[in-house]
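Good morning, and thank you for joining this session. Please keep the sequence and the structure in view while I speak.

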Amino acid sequence: MKNMLINGTYLAKKNIGQGSFGSVYMGINTKSKEEVAIKFEKCEKDNSDGSTLLREAETLKDLQNIKGIPKLYYYGTEQNYNIMVMTLLDRDLEHYIKIKKNFQIDKVISIGEQLLNILEGIHKKGYIHRDIKPENILFGRGKESNTVFLIDFGITKPYIDRKTNEIIPYRTNKPFIGTIRYASVAAHKGFELSRRDDLESMGYVLCYLAKGNLPWQNMLLQDDMKKYYVGKIKQKMPIKKLCKGLPEEFALYFEYIQQLEYKQEPKYDYLKSLFAKASKSLTGLFSPDLPSPIDKDGFSSPSFQSPSFSNINHSLDIAKENSKEEKEKRPKIDSLQEEEKD
Ligand SMILES: Nc1ncnc2c1ncn2[C@@H]1O[C@H](COP(=O)(O)OP(=O)(O)OP(=O)(O)O)[C@@H](O)[C@H]1O
Ligand SMILES: [Mg+2]
């Protein structure tokens with residue numbers, strides 16, 4: 001795809017990302033000279049399901065007015081590729097975790113506040129994202145370098161039935177969808193997902209960003225077994241233990257999410273107020289005479305990391321647990337199903 005000119009305007013220059021659906025290139029709008037990101041998907045001859053990238057582009061178009069959603073510049077098919085051109089962003093958060101281990105807590109809170117706004121916007125438009133993970137969260141570039149963006153709407157789905165205008169009926173026995181490490185307990189159980197599940201995954205992502213790891217990360221198991229055991233661990237893990245070392249509002253966040261029912265609209269303002277409180281209680285923790293533990297990029301310097309945050313096995317975990325291998329879009333139904341009331 002390198003050097004391919006798309007729609008006579010966008011020139012693909014350098015590969016910057018690989019996903020399960022295709023590749024992403026950095027490119028340039030040859031007319032305006034603006035840099036762009038270009039996502040390619042090979043056209044399948046026998047694609048009865050339709051193009052995933054076309055569905056993603058349609059969803060992205062619907063979400064255009066939300067802050068933290070990349071702008072969609074072009075969608076089309078050329079030289080046997082479906083192609084989508086959008087805003088070029090910085091590296092994804094997993095890239096930074098790999099090189100820096102964890103994010104400073106105030107940065108994590110700021111990411112949480114911004115993600116909440118993005119998810120609220122997406123949910124208000126009638127969609128659930130279903131794949132909240134660090135690889136799909138990126139900061140912007142230039143004057144947007146402190147703005148959080150959410151990408152990858154490949155498995156985003158409307159949770160409202162367009163015909164009846166009602167929330168899709170609750171169902172069980174659904175195939176697992178999402179990414180094992182950040183999936184909600186309901187996703188592990190094969191339940192129909194709803195707004196609460198995006199928020200639960202977001203909670204796991206924030207814990208991961210703050211600590212650099214999650215308790216269910218080291219499992220050397222086949223995918224089906226891993227799906228089952230990780231689901232069990234998440235279900236049994238006391239919130240206090242999961243949130244140990246983090247501001248107490250993180251536990252309150254999970255407590256609130258856990259009691260939400262399938263159809264219930266989350267109180268985004270309450271969750272935002274938790275992050276605001278956590279952020280406020282951080283200021284004042286450090287005397288102005290002390291050197292700031294927060295470096296320019298928002299990463300903790302090693303001397304300020306609490307021992308419980310450090311994880312010498314982290315790079316090993318990453319090697320063992322490649323996120324591609326973790327992810328299953330259309331796998332078999334596993335045996336973790338339990339009944340749950342609507
Ligand atoms: N607009 C963008 N700007 C910069 N980098 C991007 C952009 N879009 C995607 N990327 C990079 O490419 C990677 C893959 O993109 P994306 O998640 O959209 O692909 P995918 O095939 O749907 O992935 P997945 O394996 O999660 O299903 C991202 O994790 C990110 O690193
Ligand atoms: Mg992705």
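I begin with helix α8, on the face turned away from its buried side, where the exposed residues Glu 255 and Gln 258 are found. Before I go further, please note that what you see is a predicted model.

What, then, are the buried residues of this helix, which spans residues 248-258? They are Glu 249, Phe 250, Tyr 253, Phe 254 and Ile 257. When one looks down the axis of α8, these buried residues fall within an arc of 145°, and therefore they line one face of the helix. The partners against which the buried residues of α8 pack are α5 (195-211), α7 (239-242) and α9 (268-282).

Let me now step back to the protein as a whole. The protein has eleven helices and ten strands. Of its 342 residues, 39% are buried. If we take the contacts with a separation of 6 or more, 66% of them are between residues 24 or more positions apart.

I turn next to the sheet. Six strands form an open sheet with antiparallel pairing, and their order is β1-β2-β3-β4-β6-β5. The edges are held by β1 (5-6) and β5, each of which has a single partner strand, so one side of each is left without a neighbour in the sheet. As general background, strands of a sheet pair through backbone hydrogen bonds, either parallel or antiparallel.

Let us walk through the pairs. β2 and β3 are joined in the antiparallel sense over seven bridges, and within this pair Asn 15 stands opposite Tyr 25 in β3. Strand β3, residues 23-29, is in turn joined to β4 by six bridges, again antiparallel. Here Met 26 has Ala 37 in β4 as its bridge partner. These two strands, β3 and β4, form a hairpin with five residues between them, and Lys 33 in the turn has a positive phi of about 70°.

How many bridges join β4 to β6? There are seven, and the two strands run antiparallel. Two positions illustrate this pairing: Lys 39 stands opposite Met 84 in β6, and Lys 42 has Tyr 81 in β6 as its bridge partner. Finally, strand β5, residues 72-78, runs antiparallel to β6 and is joined to it by six bridges. One of the pairs here places Thr 77 with its bridge partner Asn 82 in β6. The hairpin of β5 and β6 has two residues between the strands, and Gln 79 takes a positive phi near 45° there.

Are β4 and β6 covered or open? Six of the eight residues of β4 are buried, so this strand is largely enclosed by the rest of the structure. β6 is mostly covered as well, with six of its seven residues buried.

This brings me to ligand 1. Which residues come nearest to the ligand? Of the 21 residues around ligand 1, they are Gly 17, Gly 19, Phe 21, Ala 37 and Asp 152. Ala 37 has already appeared in this talk, as the bridge partner of Met 26. The strands β2 (10-18), β4 (35-42) and β6 (81-87) each supply at least two residues of the shell around the ligand. The shell also draws at least three residues from each of two domains, domain 1 (8-27 + 34-87) and domain 2 (93-341). By class, it has ten nonpolar, seven polar and four charged residues.

I close with three individual residues. The first is Lys 227, in helix α6, residues 223-236. Is Lys 227 buried or exposed? Lys 227 counts as buried because it has 24 C-beta neighbours inside 10 Å. Its C-alpha atom is separated by 8.9 Å from that of Arg 181, although the two residues are 46 residues apart along the chain.

The other two residues are Asn 3 and Arg 130. Asn 3 is in the segment before β1, and its phi is near 70°, a positive value in a residue other than glycine. Asn 3 is exposed, with 8 other C-beta atoms within 10 Å. Arg 130 is in the loop between β7 (127-128) and β8 (137-139), and it has a positive phi of about 70° although it is not a glycine. Arg 130, however, counts as buried, with 22 C-beta neighbours inside 10 Å.

Thank you for your attention.

Notes. Residues are numbered from 1 along each chain as its sequence is written. Chains are lettered from A and ligands numbered from 1 in the order in which they are written. This is a predicted model: local features need pLDDT of at least 70, side-chain atom pairs count only at pLDDT 80 or more; totals for chains, interfaces and linings use all residues. A residue is near a molecule or strand if its C-beta atom, placed from the backbone, lies within 6 Å of it. Helices (H or I, at least four residues) and strands (E, at least two) are DSSP runs, numbered from the N terminus. Ala, Val, Leu, Ile, Met, Phe, Trp, Tyr, Cys and Pro count as nonpolar, Asp, Glu, Lys and Arg as charged, and the others, Gly among them, as polar. Domain bounds come from an automatic or database domain assignment. A residue is buried if 20 or more other C-beta atoms lie within 10 Å of its own, exposed if 12 or fewer, and partly exposed in between; C-beta atoms are placed from the backbone. Two strands pair if DSSP finds at least two bridges between them. The arc is that of the directions from the helix axis to the C-beta atoms. Two residues are in contact if their C-beta atoms, placed from the backbone, lie within 7 Å.
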